[in-house]
Amino acid sequence: MALQIQVSIKSFFSPLYNHLHSLPFSSHFILYLKRKKENVLMVILVPNANAKCAFEAMFVFGDSNVDTGGFYAAFPSQTSPYGMTYFGKPTGRPTDGRIFVDFLAQGLGFPFISPYIQSIGSDFRHGANFATLGSTALQPTTSLFTNGVSPFYLAVQINQMKLFKARTEENKGQGNYLPQPDVFGKSLYLIYAGQNDFTGYVSGAGPGGVKQIGPQVVSQIQSAVKEIYNLGGRTIMVLNLFPVGCYPAFLVQFPHQSSDIDQAGCMTSYNNAVNEYNSMLKQAVQQTRGELHDAKQLFQRPTAHGMQHGTVACCGYGGGSYNYNQQVTCGNTKDINGQSATASACSDPQNYVSWDGIHFTEAANRIMANAILSGKSFDPGFSFNQYCDIQPIG
């Protein structure tokens with residue numbers, strides 16, 4: 001019998017954002033179950049096995065925050081200084097090194113999870129990553145070449161997963177780089193989607209636009225969870241939206257008044273909109289546990305976690321409060337007002353939360369992964385150690 005646990009998780013980004021106000025960002029381990037006439041969202045965790053980890057693979061869906069190279073496998077164009085800290089070259093990850101799913105895979109004893117779209121050098125024995133930069137939860141109404149939205153939105157990624165499972169079963173025992181056909185019920189599934197829908201809509205409609213876009217996004221995520229369940233998935237982690245009101249890029253791009261900036265340097269109105277969206281998602285998955293508690297958050301006191309800069313981009317142009325200029329983004333050189341401008345990287349990304357104004361540095365991603373693996377951000381308590389011999393992450 002599978003062990004059934006309903007888990008409400010305090011934001012595993014709690015260690016990342018030291019924000020003065022209480023920001024109830026939360027994540028949830030959820031599983032979609034059917035009961036006769038009603039649908040129930042909860043967790044089913046597989047029982048501990050004799051193996052080093054009860055999970056044999058990990059499958060990832062979403063946008064750039066969890067993309068290990070899928071977008072740039074389809075559209076090769078990433079340049080340095082991306083990848084400079086760990087890989088020494090661009091790998092398609094939107095940061096200076098590894099992202100938190102890399103650290104999570106390492107902690108569970110897996111190699112890095114290969115992008116599904118990557119045709120050369122991929123090893124899918126421990127899962128696949130379907131996420132791509134610029135992906136949305138909803139079907140996009142524009143094109144990649146108009147505003148950078150990926151054609152691989154969430155429903156497409158789920159269809160890719162269906163094909164992956166079908167081909168794995170068809171080629172049982174024939175491929176050296178495919179998982180065993182029974183792996184799908186013994187895997188960890190991770191979804192982070194909706195950020196691009198949210199930011200794309202509220203940038204024009206304002207924070208109040210969450211009331212229009214939020215229910216649609218939540219509905220698509222629910223549909224994805226159902227599809228994963230139908231494919232055999234039994235342990236599914238859905239991440240709530242990050243506090244985008246603290247991102248240097250959006251602090252520059254989104255219209256706001258100085259009175260909207262809190263003591264951490266973040267936009268209160270947009271973070272409140274994020275909270276509202278996350279509440280919608282929580283209700284949708286029927287997580288009814290009590291109020292989320294305050295926790296250490298890195299934007300207000302980055303030094304508490306070994307960093308120095310919260311709302312300043314490491315890789316950017318312009319200096320000042322945010323070091324971000326939307327005309328010239330990380331790694332690019334453009335002519336601005338008759339002068340050549342290059343968005344270059346800082347020499348100490350380990351001291352920054354933000355890498356390029358939108359994405360986290362490797363150091364921040366490591367903190368996120370440690371928070372998940374240690375169980376410090378779970379409410380009620382939960383630890384991966386019950387199911388896996390957690391490996392140290394470096």
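Here are three short exercises on helix packing and salt bridges, each with a worked solution.

Keep in mind that the model is predicted, with local features needing pLDDT of at least 70, side-chain atom pairs counting only at pLDDT 80 or more, and totals for chains, interfaces and linings using all residues. Residues are numbered from 1 along each chain as its sequence is written, and side-chain values use heavy atoms, leaving out hydrogens and water.

**Exercise 1. Work out how α5 and α6 pack, and which residues make the contact.**

Step 1: Find the helices, which are DSSP runs of H or I with at least four residues, numbered from the N terminus. You'll see α5 at residues 195-205 and α6 at residues 210-230.

Step 2: Take the angle, which runs from 0 to 180 degrees between N-to-C directions of axes fitted to C-alpha atoms over the stretch in contact. For this pair the angle is about 160 degrees, and the axes lie 10 Å apart.

Step 3: Name the arrangement. Angles over 145 degrees count as roughly antiparallel, so α5 and α6 are roughly antiparallel to each other.

Step 4: List the contact residues (heavy atoms within 4.5 Å). α5 brings Asp197, Phe198, Tyr201 and Val202, while α6 brings Val210, Gln212, Ile213 and Val217.

Step 5: Sort them. Six are nonpolar, one is polar and one is charged.

**Exercise 2. Which residues are linked in a network of salt bridges with Lys186?**

Step 1: Recall the rule: a side-chain nitrogen of Lys or Arg within 4 Å of a carboxyl oxygen of Asp or Glu. The structure holds ten such salt bridges.

Step 2: Check glutamate 56. Its closest O atom and the closest N atom of lysine 186 are 3.2 Å apart, so the two form a salt bridge. Lysine 186 sits in the loop between α4 (154-170) and β7 (187-192), and glutamate 56 in the loop between β4 (38-45) and β5 (57-62), 130 residues apart.

Step 3: Check aspartate 182. This residue also forms a salt bridge with lysine 186, with the closest N and O atoms 3.2 Å apart.

Step 4: Put it together: Glu56, Asp182 and Lys186 make up the network.

**Exercise 3. Is lysine 162, in its salt bridge with glutamate 227, buried or exposed, or in between?**

Step 1: Locate the pair. Their closest N and O atoms are 3.2 Å apart. Lysine 162 is in helix α4 and glutamate 227 in helix α6, 65 residues apart.

Step 2: Apply the cut-offs (buried under 20% relative accessible area, exposed over 50%, partly exposed in between; 1.4 Å probe, protein chains only). At 30%, lysine 162 is partly exposed. Glutamate 227, at 29%, is partly exposed too.

How values were computed: Helix = DSSP H or I, 4+ residues; strand = E, 2+ residues; numbered from the N terminus. Parallel < 35°, antiparallel > 145°, perpendicular 65-115°, else oblique. Nonpolar A, V, L, I, M, F, W, Y, C, P; charged D, E, K, R; others polar.
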